[in-house]
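Visitor: Before I read anything into this assembly, I would like to hear how each term applied to the contact between its chains is justified.

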Amino acid sequence: MKSHTVYLTFHTQKRKEIVPITDRVEQIIAESGVQEGFALVSAMHITASVIVNDEEPGLWQDIMEWAEKVAPENPNYKHHRTGEDNGDAHLKNLLMHHQVIVPITKGEIDFGPWQRIFYVEFDGQRDKRMLVKVIGE
Amino acid sequence: MKSHTVYLTFHTQKRKEIVPITDRVEQIIAESGVQEGFALVSAMHITASVIVNDEEPGLWQDIMEWAEKVAPENPNYKHHRTGEDNGDAHLKNLLMHHQVIVPITKGEIDFGPWQRIFYVEFDGQRDKRMLVKVIGE
Amino acid sequence: MKSHTVYLTFHTQKRKEIVPITDRVEQIIAESGVQEGFALVSAMHITASVIVNDEEPGLWQDIMEWAEKVAPENPNYKHHRTGEDNGDAHLKNLLMHHQVIVPITKGEIDFGPWQRIFYVEFDGQRDKRMLVKVIGE
(Lines give C-alpha, C1' and ligand atoms only; values in the text may rest on other atoms or scores of the structure.)
Protein backbone atom coordinates (compact mmCIF):
# COMPACT_ATOMS: atom_id res chain seq x y z
CA MET A 1 0.00 0.00 0.00
CA LYS A 2 1.23 3.46 -0.93
CA SER A 3 0.38 6.68 0.88
CA HIS A 4 1.11 10.27 -0.05
CA THR A 5 0.11 13.32 2.01
CA VAL A 6 0.24 16.94 0.89
CA TYR A 7 -0.90 20.10 2.67
CA LEU A 8 -2.08 23.05 0.59
CA THR A 9 -2.43 26.57 1.99
CA PHE A 10 -5.07 29.03 0.79
CA HIS A 11 -5.15 32.73 1.56
CA THR A 12 -8.21 34.13 -0.18
CA GLN A 13 -8.59 37.83 -0.97
CA LYS A 14 -12.26 37.86 -0.01
CA ARG A 15 -13.64 36.48 3.23
CA LYS A 16 -15.87 34.07 1.29
CA GLU A 17 -14.61 32.55 -1.91
CA ILE A 18 -14.74 29.39 -4.03
CA VAL A 19 -11.34 28.14 -5.24
CA PRO A 20 -11.08 25.49 -8.03
CA ILE A 21 -8.55 22.81 -7.00
CA THR A 22 -9.03 19.88 -9.38
CA ASP A 23 -5.71 20.43 -11.17
CA ARG A 24 -3.76 20.49 -7.92
CA VAL A 25 -5.45 17.31 -6.68
CA GLU A 26 -4.73 15.63 -10.02
CA GLN A 27 -1.06 16.54 -9.74
CA ILE A 28 -0.82 15.18 -6.18
CA ILE A 29 -2.43 11.91 -7.30
CA ALA A 30 0.08 11.66 -10.19
CA GLU A 31 2.99 12.25 -7.76
CA SER A 32 1.67 9.51 -5.45
CA GLY A 33 2.03 6.81 -8.09
CA VAL A 34 -1.25 5.29 -6.86
CA GLN A 35 -3.16 3.50 -9.64
CA GLU A 36 -6.14 2.24 -7.62
CA GLY A 37 -7.26 3.97 -4.44
CA PHE A 38 -8.84 6.95 -2.75
CA ALA A 39 -7.72 10.54 -2.27
CA LEU A 40 -9.18 12.27 0.77
CA VAL A 41 -9.47 16.02 0.19
CA SER A 42 -10.29 17.60 3.54
CA ALA A 43 -10.27 21.11 5.02
CA MET A 44 -8.07 21.38 8.13
CA HIS A 45 -10.18 24.23 9.50
CA ILE A 46 -13.78 24.17 10.66
CA THR A 47 -14.85 27.24 8.70
CA ALA A 48 -14.27 25.95 5.15
CA SER A 49 -15.68 23.15 2.99
CA VAL A 50 -14.51 20.94 0.15
CA ILE A 51 -17.13 20.14 -2.48
CA VAL A 52 -17.51 18.52 -5.89
CA ASN A 53 -19.64 20.54 -8.26
CA ASP A 54 -19.70 22.49 -11.52
CA GLU A 55 -17.04 24.77 -13.09
CA GLU A 56 -19.57 27.56 -13.64
CA PRO A 57 -19.17 31.01 -11.99
CA GLY A 58 -22.93 31.74 -12.03
CA LEU A 59 -23.51 28.58 -10.02
CA TRP A 60 -20.73 29.50 -7.58
CA GLN A 61 -22.66 32.69 -6.83
CA ASP A 62 -25.86 30.67 -6.35
CA ILE A 63 -24.02 28.35 -3.95
CA MET A 64 -22.71 31.23 -1.83
CA GLU A 65 -26.10 32.98 -1.76
CA TRP A 66 -27.77 29.72 -0.81
CA ALA A 67 -25.26 29.13 2.02
CA GLU A 68 -25.99 32.63 3.28
CA LYS A 69 -29.72 31.94 3.26
CA VAL A 70 -29.54 28.55 5.00
CA ALA A 71 -26.74 29.43 7.49
CA PRO A 72 -26.79 33.24 7.68
CA GLU A 73 -24.40 35.64 9.31
CA ASN A 74 -25.90 36.66 12.64
CA PRO A 75 -24.33 38.67 15.49
CA ASN A 76 -26.30 36.65 18.06
CA TYR A 77 -24.59 33.26 17.72
CA LYS A 78 -23.53 32.04 21.17
CA HIS A 79 -20.12 31.23 19.70
CA HIS A 80 -19.55 34.99 19.44
CA ARG A 81 -19.41 35.29 23.23
CA THR A 82 -15.88 33.89 22.90
CA GLY A 83 -14.90 36.96 20.86
CA GLU A 84 -15.27 35.21 17.50
CA ASP A 85 -17.50 36.58 14.73
CA ASN A 86 -17.57 33.56 12.40
CA GLY A 87 -20.43 31.45 13.78
CA ASP A 88 -22.02 31.34 10.34
CA ALA A 89 -18.82 29.91 8.83
CA HIS A 90 -18.94 26.94 11.23
CA LEU A 91 -22.53 26.21 10.17
CA LYS A 92 -21.79 26.64 6.45
CA ASN A 93 -18.94 24.14 6.90
CA LEU A 94 -21.42 21.63 8.34
CA LEU A 95 -23.96 22.38 5.58
CA MET A 96 -21.58 21.59 2.70
CA HIS A 97 -19.34 19.09 4.57
CA HIS A 98 -15.60 19.58 5.00
CA GLN A 99 -14.32 16.73 2.85
CA VAL A 100 -14.74 14.55 -0.20
CA ILE A 101 -13.27 11.23 -1.26
CA VAL A 102 -11.95 11.24 -4.82
CA PRO A 103 -11.81 7.78 -6.46
CA ILE A 104 -8.62 6.90 -8.38
CA THR A 105 -8.80 4.36 -11.22
CA LYS A 106 -5.85 3.56 -13.53
CA GLY A 107 -3.90 6.41 -11.97
CA GLU A 108 -6.51 9.07 -12.68
CA ILE A 109 -9.43 10.80 -10.99
CA ASP A 110 -12.50 8.69 -11.76
CA PHE A 111 -15.08 11.46 -12.21
CA GLY A 112 -18.10 12.07 -14.39
CA PRO A 113 -17.76 14.71 -17.12
CA TRP A 114 -18.92 17.70 -15.01
CA GLN A 115 -17.37 16.89 -11.65
CA ARG A 116 -14.74 19.34 -10.43
CA ILE A 117 -13.33 19.86 -6.92
CA PHE A 118 -13.53 23.15 -5.00
CA TYR A 119 -12.22 24.53 -1.75
CA VAL A 120 -14.95 26.74 -0.30
CA GLU A 121 -13.72 29.42 2.10
CA PHE A 122 -16.18 30.97 4.56
CA ASP A 123 -13.71 32.88 6.77
CA GLY A 124 -10.60 33.66 4.76
CA GLN A 125 -8.17 36.54 4.25
CA ARG A 126 -5.68 34.51 6.30
CA ASP A 127 -3.70 31.29 5.80
CA LYS A 128 -5.92 28.21 5.90
CA ARG A 129 -4.72 24.64 5.28
CA MET A 130 -6.25 21.69 3.44
CA LEU A 131 -5.03 18.10 3.35
CA VAL A 132 -4.86 15.76 0.37
CA LYS A 133 -4.08 12.18 1.41
CA VAL A 134 -3.79 9.46 -1.22
CA ILE A 135 -4.03 5.79 -0.21
CA GLY A 136 -3.84 2.84 -2.57
CA GLU A 137 -1.61 0.77 -4.79
CA MET B 1 -4.81 -4.76 -1.71
CA LYS B 2 -7.79 -5.52 -3.92
CA SER B 3 -9.81 -2.99 -5.85
CA HIS B 4 -13.04 -3.39 -7.79
CA THR B 5 -14.84 -0.60 -9.65
CA VAL B 6 -18.35 -0.75 -11.08
CA TYR B 7 -20.43 1.94 -12.78
CA LEU B 8 -24.21 1.81 -12.46
CA THR B 9 -26.54 3.79 -14.72
CA PHE B 10 -29.89 5.15 -13.55
CA HIS B 11 -32.62 6.53 -15.77
CA THR B 12 -35.48 7.55 -13.51
CA GLN B 13 -39.02 7.99 -14.76
CA LYS B 14 -39.60 11.09 -12.66
CA ARG B 15 -37.26 14.07 -12.54
CA LYS B 16 -36.82 13.62 -8.78
CA GLU B 17 -36.76 10.14 -7.34
CA ILE B 18 -35.21 8.04 -4.58
CA VAL B 19 -33.82 4.67 -5.75
CA PRO B 20 -32.91 1.92 -3.22
CA ILE B 21 -29.49 0.45 -4.11
CA THR B 22 -28.33 -1.57 -1.08
CA ASP B 23 -28.74 -4.93 -2.84
CA ARG B 24 -26.67 -3.82 -5.83
CA VAL B 25 -23.90 -2.47 -3.60
CA GLU B 26 -23.94 -5.74 -1.61
CA GLN B 27 -23.53 -7.73 -4.81
CA ILE B 28 -20.61 -5.58 -6.00
CA ILE B 29 -18.89 -6.03 -2.63
CA ALA B 30 -19.38 -9.81 -2.86
CA GLU B 31 -17.90 -9.83 -6.40
CA SER B 32 -14.86 -7.85 -5.16
CA GLY B 33 -13.80 -10.57 -2.74
CA VAL B 34 -12.86 -7.84 -0.23
CA GLN B 35 -13.26 -9.00 3.38
CA GLU B 36 -12.06 -5.84 5.17
CA GLY B 37 -12.26 -2.43 3.51
CA PHE B 38 -14.34 0.45 2.26
CA ALA B 39 -16.78 0.82 -0.63
CA LEU B 40 -17.14 4.34 -1.96
CA VAL B 41 -20.62 4.89 -3.43
CA SER B 42 -20.53 8.19 -5.29
CA ALA B 43 -22.72 9.99 -7.82
CA MET B 44 -20.83 10.86 -11.03
CA HIS B 45 -23.13 13.83 -11.68
CA ILE B 46 -23.50 17.01 -9.67
CA THR B 47 -27.29 16.93 -9.56
CA ALA B 48 -27.77 13.70 -7.58
CA SER B 49 -26.89 12.46 -4.09
CA VAL B 50 -26.12 9.17 -2.40
CA ILE B 51 -27.44 8.80 1.14
CA VAL B 52 -27.85 6.22 3.89
CA ASN B 53 -31.27 6.33 5.52
CA ASP B 54 -34.47 4.40 6.12
CA GLU B 55 -36.40 1.98 3.83
CA GLU B 56 -39.67 3.82 4.42
CA PRO B 57 -41.64 5.46 1.57
CA GLY B 58 -43.28 8.05 3.85
CA LEU B 59 -39.84 9.24 4.93
CA TRP B 60 -38.67 9.38 1.30
CA GLN B 61 -41.50 11.84 0.65
CA ASP B 62 -40.46 13.86 3.72
CA ILE B 63 -36.87 13.93 2.46
CA MET B 64 -37.87 15.21 -0.98
CA GLU B 65 -40.23 17.84 0.47
CA TRP B 66 -37.50 18.96 2.87
CA ALA B 67 -34.96 19.26 0.04
CA GLU B 68 -37.47 21.38 -1.88
CA LYS B 69 -37.93 23.65 1.13
CA VAL B 70 -34.22 24.09 1.91
CA ALA B 71 -32.98 24.26 -1.71
CA PRO B 72 -36.05 25.23 -3.76
CA GLU B 73 -36.60 25.35 -7.48
CA ASN B 74 -36.24 28.98 -8.56
CA PRO B 75 -36.11 30.43 -12.09
CA ASN B 76 -33.72 33.18 -10.89
CA TYR B 77 -30.60 31.11 -10.18
CA LYS B 78 -27.63 32.66 -11.97
CA HIS B 79 -26.74 29.20 -13.23
CA HIS B 80 -29.81 29.41 -15.47
CA ARG B 81 -28.18 32.15 -17.55
CA THR B 82 -26.20 29.29 -19.16
CA GLY B 83 -29.48 27.83 -20.46
CA GLU B 84 -29.75 25.25 -17.64
CA ASP B 85 -32.84 24.99 -15.45
CA ASN B 86 -31.48 22.71 -12.71
CA GLY B 87 -29.85 25.14 -10.25
CA ASP B 88 -31.88 23.66 -7.41
CA ALA B 89 -30.55 20.17 -8.21
CA HIS B 90 -26.95 21.38 -7.74
CA LEU B 91 -27.85 22.80 -4.32
CA LYS B 92 -29.80 19.70 -3.26
CA ASN B 93 -26.72 17.63 -4.20
CA LEU B 94 -24.63 19.79 -1.84
CA LEU B 95 -27.27 19.59 0.89
CA MET B 96 -27.35 15.77 1.02
CA HIS B 97 -23.77 15.15 -0.18
CA HIS B 98 -22.94 13.13 -3.27
CA GLN B 99 -21.26 10.14 -1.67
CA VAL B 100 -21.04 7.74 1.25
CA ILE B 101 -18.39 5.31 2.43
CA VAL B 102 -19.77 1.85 3.22
CA PRO B 103 -17.65 -0.15 5.72
CA ILE B 104 -16.98 -3.81 4.85
CA THR B 105 -16.29 -6.28 7.68
CA LYS B 106 -15.93 -10.05 7.14
CA GLY B 107 -16.99 -9.60 3.53
CA GLU B 108 -20.28 -7.87 4.34
CA ILE B 109 -21.69 -4.36 4.67
CA ASP B 110 -21.17 -3.37 8.31
CA PHE B 111 -24.39 -1.43 8.90
CA GLY B 112 -26.78 -0.90 11.78
CA PRO B 113 -30.21 -2.57 11.50
CA TRP B 114 -31.98 0.34 9.74
CA GLN B 115 -29.27 1.60 7.44
CA ARG B 116 -29.97 1.28 3.72
CA ILE B 117 -28.32 3.02 0.76
CA PHE B 118 -30.17 5.24 -1.73
CA TYR B 119 -29.37 7.04 -4.95
CA VAL B 120 -31.26 10.34 -4.87
CA GLU B 121 -31.99 11.83 -8.28
CA PHE B 122 -32.77 15.56 -8.55
CA ASP B 123 -32.58 15.95 -12.34
CA GLY B 124 -33.35 12.61 -13.97
CA GLN B 125 -35.31 11.26 -16.91
CA ARG B 126 -31.95 10.69 -18.62
CA ASP B 127 -28.97 8.37 -18.12
CA LYS B 128 -26.97 9.25 -15.01
CA ARG B 129 -23.98 7.28 -13.70
CA MET B 130 -22.85 6.32 -10.21
CA LEU B 131 -19.56 4.72 -9.17
CA VAL B 132 -19.03 1.95 -6.63
CA LYS B 133 -15.35 1.47 -5.83
CA VAL B 134 -14.29 -1.21 -3.34
CA ILE B 135 -10.83 -1.07 -1.77
CA GLY B 136 -9.45 -3.52 0.80
CA GLU B 137 -8.20 -7.04 1.36
CA MET C 1 -3.00 -3.88 4.97
CA LYS C 2 -4.27 -3.69 8.53
CA SER C 3 -7.86 -3.24 9.59
CA HIS C 4 -9.36 -2.64 13.01
CA THR C 5 -13.07 -2.24 13.75
CA VAL C 6 -14.61 -1.02 17.00
CA TYR C 7 -18.24 -0.34 17.88
CA LEU C 8 -19.02 2.34 20.46
CA THR C 9 -22.41 2.63 22.17
CA PHE C 10 -23.90 5.95 23.27
CA HIS C 11 -26.88 6.41 25.56
CA THR C 12 -27.42 10.14 25.94
CA GLN C 13 -29.38 11.63 28.82
CA LYS C 14 -31.08 14.19 26.61
CA ARG C 15 -32.86 13.37 23.36
CA LYS C 16 -30.53 15.73 21.47
CA GLU C 17 -26.93 16.01 22.52
CA ILE C 18 -23.41 16.56 21.17
CA VAL C 19 -20.80 14.10 22.50
CA PRO C 20 -17.04 14.77 22.06
CA ILE C 21 -15.31 11.59 20.84
CA THR C 22 -11.84 12.62 19.61
CA ASP C 23 -10.03 10.90 22.49
CA ARG C 24 -11.82 7.62 21.91
CA VAL C 25 -11.09 7.71 18.18
CA GLU C 26 -7.43 8.50 18.92
CA GLN C 27 -7.21 5.48 21.21
CA ILE C 28 -8.77 3.16 18.62
CA ILE C 29 -6.28 4.39 16.01
CA ALA C 30 -3.40 3.75 18.43
CA GLU C 31 -4.69 0.21 19.09
CA SER C 32 -4.89 -0.45 15.33
CA GLY C 33 -1.17 0.04 14.82
CA VAL C 34 -1.95 1.83 11.53
CA GLN C 35 0.65 4.48 10.65
CA GLU C 36 -0.78 5.66 7.30
CA GLY C 37 -4.44 5.29 6.50
CA PHE C 38 -8.03 6.34 7.07
CA ALA C 39 -10.41 5.91 10.00
CA LEU C 40 -14.09 5.90 9.09
CA VAL C 41 -16.21 7.22 11.96
CA SER C 42 -19.83 6.49 11.09
CA ALA C 43 -23.15 6.45 12.93
CA MET C 44 -24.91 3.06 12.69
CA HIS C 45 -28.33 4.71 13.09
CA ILE C 46 -30.10 7.08 10.74
CA THR C 47 -31.02 9.62 13.40
CA ALA C 48 -27.51 10.71 14.46
CA SER C 49 -24.55 12.40 12.78
CA VAL C 50 -20.78 12.44 13.12
CA ILE C 51 -19.12 15.82 12.53
CA VAL C 52 -15.75 17.56 12.82
CA ASN C 53 -16.01 20.99 14.41
CA ASP C 54 -14.98 23.12 17.37
CA GLU C 55 -14.63 22.19 21.09
CA GLU C 56 -16.78 25.16 22.16
CA PRO C 57 -20.07 24.70 24.06
CA GLY C 58 -21.56 27.98 22.77
CA LEU C 59 -21.09 26.76 19.23
CA TRP C 60 -22.63 23.38 20.08
CA GLN C 61 -25.78 25.26 21.11
CA ASP C 62 -25.67 27.24 17.85
CA ILE C 63 -25.36 23.99 15.89
CA MET C 64 -28.36 22.41 17.60
CA GLU C 65 -30.49 25.55 17.18
CA TRP C 66 -29.49 25.76 13.53
CA ALA C 67 -30.42 22.10 12.95
CA GLU C 68 -33.80 22.77 14.55
CA LYS C 69 -34.36 25.75 12.24
CA VAL C 70 -33.32 23.97 9.02
CA ALA C 71 -34.87 20.57 9.80
CA PRO C 72 -37.52 21.29 12.46
CA GLU C 73 -39.58 18.96 14.60
CA ASN C 74 -43.00 18.69 12.99
CA PRO C 75 -45.88 16.33 13.84
CA ASN C 76 -46.91 16.23 10.17
CA TYR C 77 -44.00 14.28 8.70
CA LYS C 78 -45.33 11.36 6.66
CA HIS C 79 -42.83 9.12 8.43
CA HIS C 80 -44.94 9.55 11.57
CA ARG C 81 -47.78 7.53 10.02
CA THR C 82 -45.65 4.49 10.87
CA GLY C 83 -45.94 5.36 14.58
CA GLU C 84 -42.52 7.06 14.74
CA ASP C 85 -42.10 10.63 15.99
CA ASN C 86 -38.50 11.27 14.88
CA GLY C 87 -38.88 12.50 11.28
CA ASP C 88 -36.81 15.59 12.11
CA ALA C 89 -33.94 13.40 13.37
CA HIS C 90 -33.72 11.66 9.97
CA LEU C 91 -33.50 15.02 8.21
CA LYS C 92 -30.94 16.43 10.68
CA ASN C 93 -28.85 13.29 10.03
CA LEU C 94 -28.92 14.09 6.30
CA LEU C 95 -28.16 17.77 6.94
CA MET C 96 -24.95 17.13 8.91
CA HIS C 97 -24.03 13.78 7.28
CA HIS C 98 -23.62 10.56 9.25
CA GLN C 99 -19.89 10.00 8.84
CA VAL C 100 -16.42 11.49 8.52
CA ILE C 101 -13.09 10.11 7.33
CA VAL C 102 -10.22 10.88 9.71
CA PRO C 103 -6.77 10.90 8.04
CA ILE C 104 -3.97 9.06 9.89
CA THR C 105 -0.36 10.15 9.31
CA LYS C 106 2.61 8.74 11.26
CA GLY C 107 0.19 6.90 13.54
CA GLU C 108 -1.75 10.00 14.57
CA ILE C 109 -4.90 11.90 13.58
CA ASP C 110 -3.82 14.41 10.94
CA PHE C 111 -6.03 17.35 11.92
CA GLY C 112 -5.73 21.11 11.95
CA PRO C 113 -5.44 22.80 15.36
CA TRP C 114 -9.18 23.29 15.95
CA GLN C 115 -10.60 20.09 14.50
CA ARG C 116 -12.34 17.78 16.95
CA ILE C 117 -14.76 14.90 16.33
CA PHE C 118 -18.31 14.76 17.70
CA TYR C 119 -21.15 12.28 17.77
CA VAL C 120 -24.38 14.26 17.35
CA GLU C 121 -27.46 12.55 18.74
CA PHE C 122 -30.90 13.64 17.49
CA ASP C 123 -33.01 10.85 18.99
CA GLY C 124 -31.24 9.48 22.04
CA GLN C 125 -32.10 8.31 25.55
CA ARG C 126 -31.54 4.76 24.29
CA ASP C 127 -28.53 2.70 23.16
CA LYS C 128 -27.20 3.85 19.80
CA ARG C 129 -24.11 2.44 18.06
CA MET C 130 -21.31 4.05 16.07
CA LEU C 131 -18.56 2.32 14.08
CA VAL C 132 -14.89 3.24 13.92
CA LYS C 133 -13.08 1.32 11.17
CA VAL C 134 -9.35 1.88 10.62
CA ILE C 135 -7.74 0.78 7.32
CA GLY C 136 -4.09 1.26 6.39
CA GLU C 137 -0.56 0.13 7.06
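Guide: What follows takes up the relation between chain A and chain B and then their contact, bearing in mind that the model is predicted.

Visitor: How do you know that chain A and chain B are related as by a three-fold rotation axis?

Guide: Chain A is superposed on chain B by a rotation of 120 degrees with 0.0 Å of shift along its axis, at an RMSD of 0.0 Å, and the two copies are thus related as by a three-fold rotation axis. In chain A, the C-alpha nearest that axis belongs to Leu95(A), at 3.7 Å.

Visitor: Why is it said that the copies meet through different surfaces?

Guide: Only 20% of the interface residues of chain A are also interface residues in chain B, so the surfaces through which the copies meet are different. To this contact chain A brings 35 residues and chain B brings 29 residues.

Visitor: What makes the pair Glu65(A) and Lys78(B) a salt bridge?

Guide: The rule asks for a side-chain nitrogen of Lys or Arg within 4 Å of a carboxyl oxygen of Asp or Glu; for the side chains of Glu65(A) and Lys78(B) the N to O distance is 3.1 Å, and the pair therefore qualifies under that limit. Across the interface of chain A and chain B the rule finds two salt bridges.

Visitor: Which element gives the largest share of the side of chain A that touches chain B?

Guide: That share, nine residues, comes from H2(A), and by class the side of chain A that touches chain B has 17 nonpolar, ten polar and eight charged residues.

Conventions. Residues numbered from 1 in each chain as written. Chains lettered and ligands numbered in written order. Predicted model: local features only at pLDDT ≥ 70, side-chain atom pairs only at ≥ 80, totals over all residues. Heavy atoms only, no water. Least-squares fit on C-alpha atoms with pLDDT ≥ 70 in both. Contact = heavy atoms within 4.5 Å. Helix = DSSP H or I, 4+ residues; strand = E, 2+ residues; numbered from the N terminus. Nonpolar A, V, L, I, M, F, W, Y, C, P; charged D, E, K, R; others polar.
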